[in-house]
Amino acid sequence: MRSGSLITARLAAKQNREVFAVPGSLLDPRCRGTNDLLRQGANLCESAEDVIRVLEGQMGFDAPPLPAVDIIPFAQDNRPANQEDDIARAARDMHQLISETPMHRDDLLRLMAAPAWLGLAALSELEISGVITASDGGYYSRS
């Protein structure tokens, strides 16, 4: 939290400069600094395109469209999609990811690698059944 890089980033933000941060695991103490920068408003950076998009937007250029992404359906078998079965399977997968240590909803969804609607439905099912507890800021932990 007191590294030279983080001090430089905070000084840059005070001077209204763009600050970018790569998110890290909430469970890894080494990632506290970059996650704190994101909480303070740093731009989320997952690739060079993120930096280009922000800087081109400031310069008045239009950013190129995002490349098409192949969507892989969550249900990988040959039977017809059944949302209730998919949600139940996602809830079982989500339950395995959640521990006593609170984890942010976005991190859980990213780890699930399933469509957002499915992960959110699974979280809702688990919360309604009392298996997990939601806390302020979108954090979830086992009950």
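## A walk around the helices

N16 is exposed, with a relative accessible area of 73%, so start by selecting N16 on this predicted model. You'll find N16 in the loop between helix 1 and strand 1. Check its backbone too: the phi of N16 is positive, about 60°, although N16 is not a glycine.

**Zoom out.** Colour by secondary structure. You should see six helices and five strands. Trace the chain along the sequence and the pattern reads α-β-α-β-α-α-β-α-α-β-β. How much of the protein is buried? Of its 143 residues, 27% are buried. Now think about contacts with a separation of 6 or more: residues 24 or more positions apart account for 49% of them.

**Select helix 2.** That's residues 32–39, and the buried ones here are G33, N35, D36 and L37. What covers them? Show helix 1 (4–14) and strand 1 (20–21), which are both part of the cover. Then step past the helix to G41, which follows helix 2 and has a positive phi, near 110°.

**Jump to helix 4.** Select residues 83–97 and pick out D86, which sits in this helix. Is D86 buried or exposed? With a relative accessible area of 8%, which is under the 20% cut-off, D86 counts as buried. Show its side chain and look for R89: the two side chains make a polar contact at 2.9 Å. Here's a handy rule for looking at helices: an α-helix has 3.6 residues a turn, so residues three or four places apart point the same way.

**Add helix 6.** Keep helix 4 on screen and select residues 116–128, which form helix 6. The axes of helix 4 and helix 6 come within 8 Å and cross at roughly 70°. That angle falls between 65 and 115 degrees, so helix 4 is roughly perpendicular to helix 6. Now show side chains where they touch. On the helix 4 side, select Q83, D86, I87, A90, A91, M94 and H95; on the helix 6 side, select W117, L118, G119, A121, A122, L123, E125 and L126. Colour this contact by residue type and you get 10 nonpolar, three polar and two charged residues. D86, the buried residue from the last stop, is one of the helix 4 residues in this contact.

**Bring in helix 5.** Select residues 105–112 and leave helix 6 visible: the axes of these two helices come within 10 Å and cross at roughly 120°. An angle like that is neither roughly perpendicular nor roughly antiparallel, so helix 5 and helix 6 are oblique to each other. Rotate the view and you can follow the right-handed crossing of helix 5 past helix 6. Which residues of helix 5 meet helix 6? They are R105, L108 and L109, and across from them in helix 6 are A116, G119, L120 and L123. This contact divides into five nonpolar residues, one polar and one charged.

**Look inside helix 5.** Select D107, L108, L109 and M112, the buried residues of this helix. Their cover includes helix 4, strand 3 (103–104), helix 6 and strand 5 (139–142), so switch those on as well.

**Last stop: A113.** This residue lies in the loop between helix 5 and helix 6, just after helix 5. Its phi is positive, about 55°, although A113 is not a glycine. Is A113 buried or exposed? At 67% relative accessibility, A113 counts as exposed. Flip back to N16, where the tour began, for another exposed residue in a loop.

Terms used
Residues are numbered from 1 along each chain as its sequence is written. This is a predicted model: local features need pLDDT of at least 70, side-chain atom pairs count only at pLDDT 80 or more; totals for chains, interfaces and linings use all residues. Side-chain values use heavy atoms; hydrogens and water are left out. Axes are lines fitted to C-alpha atoms, for helices over the stretch in contact, and angles run from 0 to 180 degrees between N-to-C directions. Angles under 35 degrees count as roughly parallel, over 145 as roughly antiparallel, 65 to 115 as roughly perpendicular and the rest as oblique. A crossing is left-handed if the near helix is turned anticlockwise from the far one by less than a right angle, and right-handed if clockwise. Contact means heavy atoms within 4.5 Å. Ala, Val, Leu, Ile, Met, Phe, Trp, Tyr, Cys and Pro count as nonpolar, Asp, Glu, Lys and Arg as charged, and the others, Gly among them, as polar. Buried means under 20% relative accessible area, exposed over 50%, partly exposed in between (1.4 Å probe, protein chains only). A polar contact is a pair of N or O atoms within 3.5 Å; within protein, one must be able to donate a hydrogen and the other to accept it, and residues adjacent in sequence count only if both atoms are side-chain atoms.
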